[in-house]
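Notebook open, coffee at hand. I want to look up how the strands pair and where the aromatic rings meet.

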Amino acid sequence: MKFAVIVFPGSNCDIDMYHAVKDELGEEAEYVWHDAESLEGYDAVLLPGGFSYGDYLRSGAIAQFSNVMKEVMKAAEAGKPVLGVCNGFQILLEAGLLPGAMRRNDSLKFICKQVELKVENNETMFSAGYEKGEVITIPVAHGEGNYYCDDETLARLKAHNQIVFTYNGENPNGSLENIAGIINERGNVLGMMPHPERAVDELLGGADGLKLFKSIVKQWREAYALNA
């Protein structure tokens with residue numbers, strides 16, 4: 001399986017994404033610059049965390065207009081897995097690939113620590129490796145991770161089982177309904193604020209995030225075998 005790791009000016013978790021895929025999974029990964037005009041040949045797309053374009057205007061607001069985002073949208077429309085983490089999640093929201101918006105953390109401070117997540121939906125290509133209700137530990141590092149949406153959108157998210165991860169116990173940023181990660185209705189675009197790519201090796205403090213990447217590969221291989 002071949003992953004595209006999108007790199008924007010200001011991305012700072014692209015190397016973590018690459019490491020998770022290349023070194024921990026043993027799959028193919030390549031960095032793809034923000035001005036790329038094609039994502040042909042890639043089976044999945046990863047939008048890493050960081051501060052794309054310095055987070056001017058709003059987090060992810062400028063990145064959504066990058067050339068590569070047109071190709072990311074095509075990949076999503078084609079049903080390919082698209083994962084946006086932290087700033088990547090913010091970009092997916094700004095681009096309209098996921099509903100809702102991000103606000104400043106309730107504390108108005110940047111937070112960087114380990115948090116507990118509860119797996120609300122394990123029937124996705126990203127979370128199938130977890131048990132429903134499983135509590136995992138994943139680090140967060142953000143200043144604008146306070147997820148918000150209107151009542152109608154929230155009702156739709158719940159009706160279609162699109163809330164994949166919630167904060168368990170402490171809500172570090174004030175997100176509505178403790179939401180930490182959501183998926184699109186089709187089930188192939190996931191956005192989450194916590195960093196699974198920083199939790200792929202016990203030497204780094206935990207490996208609970210590795211199951212997410214393994215889930216993507218497993219689902220892709222099963223789909224590939226069916227279509228072969």
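Before I start on strands: I count two strands as paired if DSSP finds at least two bridges between them. The model is predicted, so I keep that in mind throughout.

Strand pairing. I looked up strand 6 (residues 111-119) and found it antiparallel to strand 7 (residues 135-142), with 8 bridges. Strand 6 also pairs with strand 9 (residues 163-167), again in the antiparallel sense, over 3 bridges. I then checked L117: its bridge partner in strand 7 is I136, and in strand 9 it is Y167.

Aromatic pairs. How many aromatic pairs does the structure hold? I get 3. I pulled up F89 and Y147 from that list: the ring centres are 6.2 Å apart and the planes sit at 15°, which is under the 30 degrees cut-off, so I log the pair as stacked. F89 belongs to helix 3 (residues 87-94) and Y147 to strand 8 (residues 146-148), so this pair links distant parts of the chain, 58 residues apart. I checked burial too, and both F89 and Y147 are buried.

Next I looked at Y130 and F165, an edge-to-face pair with 6.2 Å centre to centre and 85° between the planes. Y130 is in the loop between strand 6 and strand 7, while F165 is in strand 9, so the pair ties together parts 35 residues apart in sequence. Buried or exposed, I asked of Y130? Y130 is buried, at 2% relative accessible area, and F165 is buried at 0%.

Last lookup, a charge over a ring: K2 lies over the face of Y42, 5.2 Å from the ring centre.

Note on methods. Residues are numbered from 1 along each chain as its sequence is written. This is a predicted model: local features need pLDDT of at least 70, side-chain atom pairs count only at pLDDT 80 or more; totals for chains, interfaces and linings use all residues. Side-chain values use heavy atoms; hydrogens and water are left out. Helices (H or I, at least four residues) and strands (E, at least two) are DSSP runs, numbered from the N terminus. Rings of Phe, Tyr and Trp (its six-membered ring) pair if their centres lie within 6.5 Å; planes under 30 degrees apart count as stacked, over 60 as edge-to-face and the rest as tilted. Buried means under 20% relative accessible area, exposed over 50%, partly exposed in between (1.4 Å probe, protein chains only). A charge sits over a ring if NZ of Lys or CZ of Arg is within 6 Å of the ring centre and within 35 degrees of the ring normal.
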